[in-house]
Amino acid sequence: MMAMARAGFCFLAMTKTGSTAVERSFQRHAEIVVRRPPRMKHATARTFDRVFVPVLEHYGHPRESYELVCVVREPVDWAHSWWRYRSRPETVGSPQHTGDLSFDEFAERIVAGEINLGSATNFVRTRAGRPPVDRIYRYEHLDEAIAWMAGRLGVDVPAVGRVNTSPRAEFPIAASTRRLLEEHYARDVVLHERAL
């Protein structure tokens, strides 16, 4: 999470959406940057509203003075990225290691509730009666989100590198697995389709 309230926005860091690269590109312009622990770095809109909005208000930035921005990823691609990320050699021995699971098995465990990755819909949900996330960009339009942020900050658009990425694993996702996950993440599919 990065607060750049003076420039009129705060960035919520949804997991596996390039948020670490965005952070590295803009952190020097931020009033607040949260890197650790991961649950705070990836604070949801509800957590932001409960924890950070009062801090920003205290320092002269009422909620209506800035937009809340985030990036979401197509849900099947997002789950696939998590599966690849958890298959890294350094995760061997961890309960989250997926190196011994096929993606189909990983998807089945998500749907069964054995693996909880969260959801984009829950990530962007704010408390009742509170302002919503104002701008939601698609991961595949990350360059547009970055250009918008740079414009708000009045700086050149940075070249954003790849950071904290999942290992490459190029193979097709079975149609049945895609359907299974799209049904499970149906609200997230709609959210992604409606994003900028």
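# Strands, rings and a charged end

Me: In β5, which residue is the bridge partner of C70?
Reply: The model here is a predicted one. Strand β4 (residues 67–72) pairs with β5 in the parallel sense, over four bridges. In β5, the partner of C70 is I136.

Me: In what order do the five strands form the open sheet?
Reply: The sheet is open and its pairing is mixed. One parallel case is β2 with β4, over four bridges. An antiparallel case is β1 (residues 2–4) with β2, over three bridges. The order of the five strands is β3-β1-β2-β4-β5.

Me: Which strands stand at the edges of that sheet, each with a single partner strand?
Reply: A strand with a single partner has one side left without a neighbour in the sheet. That places two strands at the edges: β3 (32–33) and β5 (135–138).

Me: In β2, which residue is the bridge partner of M2?
Reply: β1 and β2 form a hairpin, with four residues between them. In the turn, G8 has a positive phi of about 90°. Across the bridge from M2, in β2, is F11.

Me: In β4, which residue is the bridge partner of C10?
Reply: C10 and L12 point one way from β2, while F9 and F11 point the other way. All of these residues are buried. In β4, C10 has as its bridge partner L68.

Me: How many aromatic pairs does a search of the whole structure find, and what angle lies between the planes of F9 and W148?
Reply: The search finds seven aromatic pairs. F9 and W148 form one with 5.3 Å from centre to centre. It counts as edge-to-face because its angle is over 60 degrees. The planes of F9 and W148 stand at 65°.

Me: How many residues apart are F9 and W148?
Reply: F9 belongs to strand β2 (residues 9–12), and W148 to helix α7 (residues 142–153). Their pair therefore links distant parts of the chain, with the two elements read as runs numbered from the N terminus. Both F9 and W148 are buried. Their separation along the chain, in residues, is 139.

Me: What kind of aromatic pair do F103 and F106 form?
Reply: F103 and F106 are three residues apart in helix α5 (residues 103–112), so about one helical turn separates them. Both are buried. Their centres are 6.3 Å apart, with 35° between the planes. An angle that is neither under 30 nor over 60 degrees leaves one word, tilted.

Me: Over which rings does the charged end of K16 sit?
Reply: One ring centre is 5.8 Å from the charged end, and it belongs to W82. For the other ring, the distance to the centre is 3.8 Å. The rings asked for are those of W82 and Y85.

Me: How far is the backbone oxygen of A13 from a polar atom of the side chain of H42?
Reply: H42 is found in the loop between α2 (38–41) and α3 (45–58). Leaving aside neighbours within four places in sequence, H42 contacts A13, M14, T15, S19 and F123. From the backbone oxygen of A13 to that side-chain atom of H42 is 2.5 Å.

Me: Is R88 buried or exposed?
Reply: R88 has its place in the loop between α4 (75–85) and α5. Its C-alpha atom is 7.3 Å from that of G99, eleven residues away along the chain. Relative accessibility is 18% for R88. The limit is under 20%, so R88 counts as buried.

Terms used
Residues are numbered from 1 along each chain as its sequence is written. This is a predicted model: local features need pLDDT of at least 70, side-chain atom pairs count only at pLDDT 80 or more; totals for chains, interfaces and linings use all residues. Side-chain values use heavy atoms; hydrogens and water are left out. Rings of Phe, Tyr and Trp (its six-membered ring) pair if their centres lie within 6.5 Å; planes under 30 degrees apart count as stacked, over 60 as edge-to-face and the rest as tilted. Buried means under 20% relative accessible area, exposed over 50%, partly exposed in between (1.4 Å probe, protein chains only). A charge sits over a ring if NZ of Lys or CZ of Arg is within 6 Å of the ring centre and within 35 degrees of the ring normal. Two strands pair if DSSP finds at least two bridges between them. A polar contact is a pair of N or O atoms within 3.5 Å; within protein, one must be able to donate a hydrogen and the other to accept it, and residues adjacent in sequence count only if both atoms are side-chain atoms. Contact means heavy atoms within 4.5 Å.
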